[in-house]
Amino acid sequence: MTRRLDALVALAAPVVLVLAVAAVGSQLNPVRQLEFGDALVSVAIVVALYVFVGNSGVLSFGHISFVAVGAYLSGILTLGAEQKNLILPTMFGILRHTQTSTAVSLAIAAAAGALFALVAGIPLMRLSGLPAGIATFAVLGITTNIISYWDKIGPGVTALALVPTNGIWTLMVGALIAIVVAFVYQRSPSGRKLRATREDPQAAQASGIQVHRQRLYAFVISGALAGLAGGLLVHELGSITTSQVSVELTFTTLAMLVVGGVSSLSGAVLGALLISGLNSFLADAEQGVNIGFQLTLPTGTRLVTIGAVMALVLILRPSGITGGREVRLPRRWREARASGEVGSGG
């Protein structure tokens, strides 16, 4: 019973955080709502990253590729025929003539992210350490260049605009879906096997666990969640460019995961929300913000500060704010319940 309660608390903690952010954000003006929406989208992206990196211990710089694919595909599918003929006249016919609802486009974005992750992951999941990181970064570079210069699948270097937008509650639901999927996966037999390979790959392989297969499963699931997050991103902003789903977003989301705690779902959510808040404040400060006095920071301060925070966390607390652990019942409650269970059993 104590284990079930621990599991319930571990899931409830990130869910409550997301619900609170959505509830507070919905009461604010449109500009602030956009910032809170950014935080919820960041949660979805970082949770997707956690599913693979947190459970496998293998660093990936390529997950924003799946975000980009999901964003462009979901955005394009929700545009009307007239809009596509205006801004996407050279696109493949199947994309130019197909229009879906936002919900359907998000599901297709998730499926596309999973398929892309499967194709890329079959060869890449045999790698570990630095080679794996470099290879996934190469996938990001290839994806960005294809989207930027192949006008058969998108608008190229110009923005994909006129995309229907959704409110903060839709973003909340998307973030909650990512959290629930990540939670179910990490407690599944496959998730437990993958964490065993993270702790000791040789011992796990010797015990019969197929390392490549387990990593591939996680990579595909995280790719699906990243594709979903990309769809949420484009429907939050109403437009997207390749610069928004490239190296800067990769760096920022990795910082969120590191700060919160790489091996903790609660850490992924907490890190995403904290760094999103810091990111929004610093972005405002670069334009000038009044905090009792006028604060104007130099352009670029935002990324420098986030990098410094990540470095500081790695030095002082390498396991992140949460220590890589999930939220659990207080120790006294656990001991009291354990004593009660032993007593009733006796």
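## How α9 meets α11

Let's start with a pair of helices: α9 passes α11 in a left-handed crossing. Please keep in mind that this is a predicted model. Helix α9 covers residues 189–199 and helix α11 covers residues 211–237. Their axes come within 9 Å and cross at roughly 120 degrees, which makes α9 oblique to α11.

If you would like to find the contact in the structure, look on the α9 side for S190, K193, L194 and T197. Their partners on α11 are V211, Q214, R215, Y217 and A218. By character, the residues of this contact of α9 with α11 divide into four nonpolar, three polar and two charged.

## The largest pocket

Now for the largest pocket, which holds about 600 Å³ of space. It is lined by 21 residues, and the closest to its centre are D38, E248, L249, N279 and R302. These five are handy landmarks for placing the pocket on your screen.

## Who lines the pocket

Which elements give two or more residues to the lining of the largest pocket? They are α2 (30–56), α11, α12 (247–260) and α13 (265–287). Helix α2 gives the most, with six residues. Helix α11 is thus a name to remember from both parts of this report: α11 is in contact with α9, and α11 is also among the elements that give two or more residues to the pocket lining.

As for the chemistry of the lining, its residues divide into eight nonpolar, eight polar and five charged.

Technical notes: Residues are numbered from 1 along each chain as its sequence is written. This is a predicted model: local features need pLDDT of at least 70, side-chain atom pairs count only at pLDDT 80 or more; totals for chains, interfaces and linings use all residues. Side-chain values use heavy atoms; hydrogens and water are left out. Axes are lines fitted to C-alpha atoms, for helices over the stretch in contact, and angles run from 0 to 180 degrees between N-to-C directions. Helices (H or I, at least four residues) and strands (E, at least two) are DSSP runs, numbered from the N terminus. Angles under 35 degrees count as roughly parallel, over 145 as roughly antiparallel, 65 to 115 as roughly perpendicular and the rest as oblique. A crossing is left-handed if the near helix is turned anticlockwise from the far one by less than a right angle, and right-handed if clockwise. Contact means heavy atoms within 4.5 Å. Ala, Val, Leu, Ile, Met, Phe, Trp, Tyr, Cys and Pro count as nonpolar, Asp, Glu, Lys and Arg as charged, and the others, Gly among them, as polar. On a 1 Å grid over the protein atoms alone, a cavity is a set of points where a 1.4 Å probe fits but cannot get out, and a pocket is an open set with protein on both sides within 12 Å along at least five of seven lines; lining residues have an atom within 4 Å of a point. Grid points are joined across faces, edges and corners, and a volume is the space filled by probe spheres set on the points.
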